[in-house]
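Visitor: I'd like a close look at one part of this model rather than a quick tour of everything. Could you pick a helix and walk me through its surroundings?

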Amino acid sequence: MALELINPSDLPVPQTYTQVVVATGSKLVFIAGQEPEDIHGKLVGRGDLATQARQVFDNLGRALSAAGARTDQVTRINIYVVNYERDACLPIIEQARVALFGDHKPADTVLGVATLSPGYLIEVDAIAVVD
């Protein structure tokens, strides 16, 4: 699998993601939205975005592993955040994201949403390309 990460010269260069990802491989892996739940399906960190973000990205890592995918094969993620306020939320989310992805920067979209499941503050889905 090969990923070409492109930040066009006529677009801003983001610190935490890549503007364009071109993937070449033979298997697509689609990970459903991962919620801030433990193995028993119980909400983790009620009212605490940092705790929930860590759980969501941990769950995403486990889901990727189950599919035989590595984090550096992820091409895109969508991040859904309840009552998203960029300056307050993004640093918290990025800390959890970097804990999973390290220096790898898949393309992403952060979406502010009115609500998720009751008490849930964040959800993340992903697409990976694997050989």
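Guide: What follows is a walk around helix H2 and the parts it meets. Keep in mind that this is a predicted model.

Let's start with the sheet, since H2 packs on it. Four strands make an open sheet, running in the order S3-S6-S4-S5, with mixed pairing. Strand S3 (27–34) and strand S5 (107–113) sit at the edges with a single partner strand each, so one side of each has no neighbour in the sheet. From one strand to the next, the twist averages 10 degrees.

Now for the pairing around S4. Strands of a sheet pair through backbone hydrogen bonds, and they can do so parallel or antiparallel. Strand S4 (residues 74–82) pairs with strand S6 (residues 122–130) in the antiparallel sense, over seven bridges. You can check the register by eye: Val 74 is opposite Ala 128 in S6, and Ile 77 is opposite Ala 126 in S6. With S5, strand S4 pairs in the parallel sense, over seven bridges. There, Val 82 has Val 113 of S5 as its bridge partner. Seven of the nine residues of S4 are buried, so the strand is largely enclosed by the rest of the structure.

Two helices pack on this sheet, so let's take H2 and then its companion. Strand S4 is among the elements touched by both.

Helix H2 covers residues 86–101 and packs on the sheet with contacts to S4, S5 and S6. The direction of H2 makes about 145 degrees with that of S4. Helix H1 (residues 49–66) also packs on the sheet, where it touches S3, S4 and S6. The direction of H1 makes about 25 degrees with that of S6.

Which residues of H2 are buried? They are Cys 89, Leu 90, Ile 93, Glu 94, Ala 96, Arg 97, Leu 100 and Phe 101. If you're used to reading helices by their spacing, recall that an α-helix has 3.6 residues a turn, so residues three or four places apart point the same way. The buried residues of H2 pack against H1, S4, S5 and S6.

Arg 97 deserves a pause. This arginine is in helix H2, and at 2% relative accessibility it counts as buried, because the cut-off for that is under 20%. What does Arg 97 touch, leaving aside residues up to four places away in sequence? The contacts are Thr 16, Tyr 17, Phe 57, Ile 77, Ile 79, Gly 102, Lys 105, Pro 106 and Asp 108.

Phe 57 on that list leads us to the aromatic side of things. The structure holds one aromatic pair. A pair of aromatic rings is described by the distance of the centres and the angle of the planes. For Phe 57 and Phe 101, the ring centres are 6.5 Å apart and the planes are at 80 degrees, so this is an edge-to-face pair. Phe 57 belongs to helix H1 and Phe 101 to helix H2, so the pair ties together parts 44 residues apart in sequence. Both partners are out of the way of solvent by the accessibility numbers: Phe 57 counts as buried at 1% relative accessibility, and Phe 101 counts as buried at 5%.

H2 also has a hand in the largest pocket, which has a volume of about 210 Å³. Its lining consists of Pro 14, Gln 15, Thr 16, Tyr 17, Tyr 84, Arg 86, Leu 90, Glu 94, Asp 108 and Val 110. Two elements, H2 and S5, give two or more residues to that lining. The largest share, three residues, comes from H2.

Finally, the two ends of the helix. Most residues other than glycine have a negative phi. Asn 83, in the loop between S4 and H2, has a positive phi of about 50 degrees although it isn't a glycine. At 57% relative accessibility, Asn 83 counts as exposed. At the other end, H2 is followed by Gly 102, whose phi is positive as well, near 60 degrees.

Definitions and conventions: Residues numbered from 1 in each chain as written. Predicted model: local features only at pLDDT ≥ 70, side-chain atom pairs only at ≥ 80, totals over all residues. Heavy atoms only, no water. Pairing = 2+ DSSP bridges. Axes fitted to C-alpha atoms, helices over the stretch in contact; angles between N-to-C directions. Contact = heavy atoms within 4.5 Å. Phe/Tyr/Trp six-rings, centres within 6.5 Å; stacked < 30°, edge-to-face > 60°. Buried < 20%, exposed > 50% of the residue type's maximum accessible area, 1.4 Å probe, protein only. 1 Å grid on protein atoms, 1.4 Å probe; cavity = no way out; pocket = protein on both sides within 12 Å on 5 of 7 lines; lining within 4 Å. Points joined across faces, edges and corners; volume = space filled by probe spheres on them.
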